[in-house]
Structures are given as structure tokens and as C-alpha cells.
Amino acid sequence: EMEDTIFSKIIRREVPADIVYEDDDTLAFLDIKPVAPGHTLVIPKKPVRNIFDADDATLIAVMRTIQKISPAVRDAVGAHGVHINSNHEAAAGQIVFHLHFHIVPRHSRSEFSFWPQKDFSRDDAAAIAEKIRANIK
């Protein structure tokens, strides 16, 4: 059984949140520690830890909500784009273990930088690609 999280409490209205959108399957609310004004979280109401145990219907519902509200988030703060991000498991930076996606409004690329990029040899890339293909179930 999944642990009770702050997001579970928000869904049950036990903890206040600035909810911006809700439907039968999802909830969207402002992040309590935003990266930028308008930083919004989208979560499924169904208890799902992360991408590794999410079913297709849950992912479809969450993505539909992200697509629906992203323009509203962007336009509400006069941004030019949005950064959509999600972390899965502690090693990837997940802190709350309830599936969630961040919609972060961006005014310019200089507001953030991507993770450091590395070069791989063609042989190394081909070997990694083969391992990934072998692990697809």
C-alpha cells in the first residue's frame, strides 16, 4: 500500500492548497515552494508512487490535464513557455512519493540551465541502446 503523502492530504482537503484545476481523475495546484510564479503541480487522485507503477489510464489523465492547463499557467504570468518536469524515485530527486508533474512558466531560456551533457562514443551509445532494448518488457 502506498504511503500517505502531503498530496494525499491535499486531495482529501486536509491540507490547504491553491487548487487551480480539478476533474474526476486529477488535481492541479500551485507549488508551495515555486521555482517561478505560477509553478503548478499536476497529480492523479489515484495513489500512484511514480512512473514505474502508473497505469495507462492514469498517465493519460495526467497528461490531458497538463496539456489543458499549461497555456493557462503560461498566460497567467505572461511567460513565453513552460518547462514540464517529473522526478521518479529518490535518486532522480523525487521527494514526495505520489506521481506528480511540475509545470514551470519560463520567460526566457536564461532563467534555467539543463543538466550537464556528456559525449559518448558511437560504440558506447550503441551498447547502451542495445541494453535498453533488451530490458523493454
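## A buried aspartate

In this predicted model, D31 touches H39, T40, L41 and H102, leaving aside residues up to four places away in sequence. D31 is found in the loop that runs between β2 (26-30) and β3 (40-44).

Although D31 is buried, it has no salt bridge. The nearest side chain of opposite charge belongs to K33, at a distance of 8.2 Å. The backbone of K33, however, offers a polar partner: its nitrogen lies 2.7 Å from a polar atom of the D31 side chain.

## The nonpolar cores

The largest nonpolar core comprises 11 residues: A28, V42, V48, A54, V62, I66, I69, V73, L99, F101 and I103. At least two residues of this core come from each of α2 (56-76) and β5 (101-106). The largest share, 4 residues, is supplied by α2.

Apart from this core lies another, made up of 8 residues, including F7, I10, I11 and V96.

One member of the largest core, I66, has contacts with V42, I84, F101 and I103, when residues up to four places away in sequence are not counted.

## The aromatic pair

A search of the whole structure yields 1 aromatic pair. F7 and F29 form this pair in an edge-to-face arrangement, with 5.5 Å from centre to centre and 70 degrees between the planes. Because F7 belongs to helix α1 (residues 6-11) and F29 to strand β2, the pair ties together parts that are 22 residues apart in sequence.

Are the two rings' residues buried or exposed? F7 is buried, with a relative accessible area of 5%, and F29 is buried as well, with a value of 2%.

How values were computed:
Residues numbered from 1 in each chain as written. Predicted model: local features only at pLDDT ≥ 70, side-chain atom pairs only at ≥ 80, totals over all residues. Heavy atoms only, no water. Core = buried A, V, L, I, M, F, W, Y, C linked by side-chain atoms within 4.5 Å. Buried < 20%, exposed > 50% of the residue type's maximum accessible area, 1.4 Å probe, protein only. Contact = heavy atoms within 4.5 Å. Lys, Arg positive; Asp, Glu negative; His and termini not counted. Salt bridge = Lys/Arg side-chain N within 4 Å of Asp/Glu carboxyl O. Polar contact = N/O pair within 3.5 Å; in protein donor to acceptor, adjacent residues only side chain to side chain. Phe/Tyr/Trp six-rings, centres within 6.5 Å; stacked < 30°, edge-to-face > 60°.
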